[in-house]
Amino acid sequence: MTTKIERLSALLGEHFGERAKSIVIDRGEVTLEVAADDYRSAAIELRDRAEFAFEQLVDVSGVDYSAWANREWTRERYAASTHLLSIANNWRLRLRAFAPDDGFPVLDSLCDVWPSANWFEREVFDLFGIMFSGHPDLRRILTDYGFVGHPFRKDFPVSGYVEMRYDPEQRRVVYQPVTIEPRENTPRVVREANYGDVGHG
Amino acid sequence: MAEIRNYTINFGPQHPAAHGVLRLVLELSGEVVERADPHIGLLHRGTEKLAETRTWVQSVPYMDRLDYVSMMCNEHAYCLAIERLIGVEVPERGQYIRVMFDEITRILNHLLAIGTHALDIGAMTMVLYTFREREDLMDAYEAVSGARMHAAYYRPGGVYRDLPDQMPQYEASKWKNAETVRQLNENRQGSLLDFLEDFTNRFPKYCDDYETLLTDNRIWKQRTVGIGVVTPEQAKAWGFTGAMLRGSGVAWDLRKKQPYEVYDRLDFDIPVGKEGDCYDRYLVRMEEMRQSNRIIKQCIDWLRKNPGPVITGNHKVAPPSREAMKSNMEELIHHFKLFSEGMHVPEGEVYAAIEHPKGEFGVYAVSDGANKPYRLKLRSPGFAHLAAMDAMAKGHLLADVVAIIGTMDIVFGDVDR
């Protein structure tokens, strides 16, 4: 298995050369990072070239890195991690691109490369507010009709901003500011690397 | 001449054939579907966001509630992701127990899928029979974890505890007299493995019964043959996995192609369809149940012969035994740290996928080294399948939409997360 992954990463290095910002092998998985401008062209090549043959887009996941390790994050905040699968070659690849502008993050849409990207990108847009240019139907998908904000951003509170209740006087459902207090039972702790040496009991 | 207009109707969210809370906006021309626009998210609970605010172990029970008809498989993918991030090994017996319960879960899921699919398109009786068998398997869930559905039985590093030596038994009450109870308890005299062995011996006969009810049933064939045809190319492009992909003739199963746990040591076959229609996918699911039955038998044999630990002895990941905790200072500290701060997962990211009964269920876990996930993305098979609803339903009759929803095996806990 290991040799296979090394072969894939060597192929990627050979083909993408300068365009690959990084190729990382970690825990048996290969991650290829490209610039936002190369995101779509890289995807097309990964699909069409027989040596890669990634026929399936399995998943698109947004990540908001702004609270990474409780430290200040110095580069772009939003990234899309796309998981590709090749049935012909039986290998997987994670393709990542950071969206350049934190205020208005935009990436190219992969909808016409793999149709399955459609809903995954709608989800990333809904939850993280990353725009996908060229997407045919970029509507919200999981949140409520008329929802405001992007709930999976790190600065969005878990309890949200509004809650819904039935108002017997107006005899309809109304929105109001949340009444519950945010609480954290277990604080988030980041220790030094290899704290407690978890991997070795 | 009368003006002909397209008709837009709302299907669901409260509709018995919508398998939960699916709202479909259908544009019809007469009775033919021109466009289907599924509106989802009515069951969105933000599991991924909630997991970011809990320690790694605290999120295990959330996984049960994703796809609430194949509970343990969801836990499995989540635990696999954590184990790969940490690099911890699961004891062999733990792996066999996991595989056995994965296959029990697969049967549970397919029984519900086929039963309700048949119910939706007119075969009332199926669901009564399939739920009878589900009852036995849920008793196995209950015996091992105490819960009939939301088990929280898999833990990072193994499973919570070993299989019980005794099956719980029925007691006489004012609804069940002594004779009924005696009959019900007949196969519950031994251990859980005896009970399951009895089930695996009975189950092929049940499968034959289902086939008698459906496989050559004229109405069933009229409703499913040639409906929702998906070519192999389309199935790949739409991100189909599991029975939806195999129904179109692509022999792709993660248990064979990218084996996890002990699947590479077990003997089983992968059924594939030919036409890619609803009928073929039904046949694939039927055969998968028989294969799961085979796998369970092999696991039972192995588990009988090989006692051993079921969860890792690494007490940075799994808690020590109660006895050790009460007699040993170091174990007490481990216990306290695990249940207050939780384990620390080293920085990194991992995508762990398993062959879930519905397709490929993946967990993309990103850790920044904290005691909680930094980001957890759950890749659910139903989401990708439902996304192709528009393309699959186009040109079909309104009544076929129900058949297509049924064949996709949609569960909303899984689609909406």
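Visitor: How many salt bridges does a search of the whole structure find over all chains?

Guide: In this predicted model, the search finds 56 salt bridges over all chains. One of them joins the side chains of A:Arg77 and A:Asp155, at 3.2 Å from N to O. This pair links distant parts of the chain, 78 residues apart: A:Arg77 is in the loop between strands 3 and 4 of chain A, and A:Asp155 in the loop between strands 7 and 8.

Visitor: Is A:Arg77 buried or exposed?

Guide: Buried means under 20% relative accessible area, and exposed means over 50%. A:Arg77 therefore counts as buried, at 16% relative accessibility, whereas A:Asp155 counts as exposed because its value is 52%.

Visitor: Which residue forms a salt bridge with A:Glu184?

Guide: The partner is B:Lys372, with the closest N and O atoms 3.3 Å apart. A:Glu184 lies in the segment after strand 9 of chain A and B:Lys372 in the loop between strands 7 and 8 of chain B, so the pair joins two chains. A:Glu184 counts as exposed at 53% relative accessibility, and B:Lys372 as buried at 0%.

Visitor: Why does the salt bridge of B:Asp139 and B:Arg188 tie together parts that are apart in sequence?

Guide: B:Asp139 lies in helix 5 of chain B and B:Arg188 in the loop between helices 6 and 7, so the pair ties together parts 49 residues apart in sequence. Their closest N and O atoms are 2.9 Å apart. B:Asp139 counts as buried at 6% relative accessibility, and B:Arg188 counts as buried at 6%. Elsewhere, salt bridges that share partners join residues of chain B into one network, including B:Glu103, B:Arg106 and B:Asp253.

Notes:
Residues are numbered from 1 along each chain as its sequence is written. Chains are lettered from A and ligands numbered from 1 in the order in which they are written. This is a predicted model: local features need pLDDT of at least 70, side-chain atom pairs count only at pLDDT 80 or more; totals for chains, interfaces and linings use all residues. Side-chain values use heavy atoms; hydrogens and water are left out. A salt bridge is a side-chain nitrogen of Lys or Arg within 4 Å of a carboxyl oxygen of Asp or Glu. Helices (H or I, at least four residues) and strands (E, at least two) are DSSP runs, numbered from the N terminus. Buried means under 20% relative accessible area, exposed over 50%, partly exposed in between (1.4 Å probe, protein chains only).
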